[in-house]
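Visitor: I am new to this structure. Please show it to me, and then I will ask about a few places in it.

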Amino acid sequence: MRIGNSKQAGEIFHNTIFGQLLPVNVNSLHVEREIETRSLDVKRETDIRSLDVERTEKTRRLHVDFTNNTKNQQPLKAVFPEINGEAFALTMDKYRIYVSKLNEMRKLENIAIEKHNLNVPAKQDDDVKQTFANLFVKKYNSLLPVAYNEKVDEIFEDKGVILKKKKLHIIKYQSELVFQQFLYEYSQQLAQNTKVFKDMGIVENRPIKMLEINSLKIVMLQRNGIASIDVCKETIKNHRRNLVEAGILFDYTFCGHKRGVKAHINREILVVFDQHSGDLATSENQRFTPRTAKSFGNNKEVTVTELNKSKIKENVQNISLIKGTASPDFNFNNNIDSNTIAQVEKGKLGGGEKSVKISEKLENFIENEFELCNKLASGQFNYYKPLDIRELYHESVSGTMSRERFKELIIQEFFKEAARLYRNSTPFFGSWKKALDTWTNKKFLVNGNLYNKELMVEKLQEYRWRLNHAHKWFTSKNVTPLYPNQYFDFTRQSPKEIGFEYTKKAFLSNKKALENRITEEKQALKAAKERKERINYAKKFDLVFNRFKNNRISLNDTLDYVKNNLPANYQMKFTERLREYSTKK
């Protein structure tokens, strides 16, 4: 696509678009190891180094260079890479050849390792060496076999300490299924990446992008509504680790727990189809050059070329596709010391004592009905201080009072608080007694069953608000309320009857207004958050685009950043910005 007489966006760039290339030395995971034994058959070792497979559909000979495939590794290059059906099949064929050779070689190495381990003494010659041996095992025992065995050789050369080596892992057939899922996911990623490059008109031959492996996404892959591979994500991580150690994946880069990892597929295994040239890109038709890498000014990602770093650990022990279970040796009680148990028991005891004290305190507030009504009639509760609602909630959750006693407490508490409505009048004893009996017989019951104590406390909260509302209304209107047996009659529900039941309408209106206010506040906060995010996204986009223009970040890394850190519309915006930049240049 051209804009006026300007060049295409891809034509204004050259090789430096993919980063300033500097020669580096890569210490990959070594598969080829020297086996010191005279009993090995030389011819067998030579046969393992190369293997040609004749495909039945096409007379294509697959060759996998196994000698230096993990040394100075470099990804394949293509203009518009794609993994079509043919490339997918060829990649899987070369994977099987590679794994077959690797397993054969590792079996031979394991024989040598067994002989080595037989000659290792149970204890070192002196205490100094034994100390080194103990420290070595403590520090490096978590490493994978290849890296661990290299450390064993190093400590033997430096300190003369002889230690046992770990047997090398034999790649199982289950790993092939996992690698197949990786390859399918890689085909989708390359298709998206190629589309972006086509839209920008970039036809530069470049290293293909890294494979992004998210174990959770791999587990969720489906085929016809059924999981493609029915395993947990920890199993995927375990197989991925084995593939990295085997050299099938290299340039392992950890990108965070949410994004997973990045890695390249071994160039001796991967086959891609280049839509620009119409040919397959393989290791056979691409010249091998010294490894290069981009120089970044500030890179906070943890990048490794070997997985055998003690800092990179995954708490995965299973190496099969069978879901693991908890270890039967684990006993939770054995991991709790006696002091912790004592503190827990003490805390329980303390909480129980507190609940008993609160219950006893509240019990003392329950009075005889006749005495209560006499006090109400005499005005002793006209300026009553209500009970602390926190104590009532505590009693409802962990108290010892029965529901019947607690109901009696709540109703008496309500009438004590209602006495302030009659500060300017003197209702007689009988009116209070009738009102109290009516509420005792009909309140806090549903189908003949009592409310639970927590709901009783919530209803008391509601009644307190309604009493406060009624008191304000009577004061502002200078109206004297009806006698208690009339005012608290459940049948007085209309506004003209001036009964307590009508205050429920005001309570519900206030409750709805509060809910609407909370909703409006949440919407305002959400809008403010979205506005700030838009501003922040725009700043991030401008920053990464300027870094790209100044050749401080490669195009692939820029696209990955836009994809993973910015909204989807910024991918199209990046293409448009790049075209605008090409017209000005």
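Visitor: Where is Glu-501 found?

Guide: This is a predicted model, in which local features need pLDDT of at least 70, side-chain atom pairs count only at pLDDT 80 or more, and totals for chains, interfaces and linings use all residues. Residues are numbered from 1 along each chain as its sequence is written, and side-chain values use heavy atoms, leaving out hydrogens and water. Helices are DSSP runs of H or I with at least four residues, numbered from the N terminus. Glu-501 is found in the loop between helix H14 (484-487) and helix H15 (503-549).

Visitor: Which side chain of opposite charge is nearest to Glu-501?

Guide: Lys and Arg count as positive, Asp and Glu as negative, while His and the chain ends are not counted. Glu-501 is buried (under 20% relative accessible area, 1.4 Å probe, protein chains only). Glu-501 has no salt bridge (a side-chain nitrogen of Lys or Arg within 4 Å of a carboxyl oxygen of Asp or Glu). At 4.3 Å away, the nearest side chain of opposite charge is Arg-466.

Visitor: Why is the pair of Tyr-463 and Phe-500 called edge-to-face or stacked?

Guide: The structure holds 33 aromatic pairs. Rings of Phe, Tyr and Trp (its six-membered ring) pair if their centres lie within 6.5 Å; planes under 30 degrees apart count as stacked, over 60 as edge-to-face and the rest as tilted. For Tyr-463 and Phe-500 the centres are 6.3 Å apart and the planes at 65°, so the pair is edge-to-face.

Visitor: How many residues apart in sequence are the parts that this pair ties together?

Guide: Tyr-463 lies in helix H13 (residues 453-477), and Phe-500 in the loop between H14 and H15. The pair therefore ties together parts whose separation in sequence is 37 residues.

Definitions and conventions
Helix = DSSP H or I, 4+ residues; strand = E, 2+ residues; numbered from the N terminus. Buried < 20%, exposed > 50% of the residue type's maximum accessible area, 1.4 Å probe, protein only.
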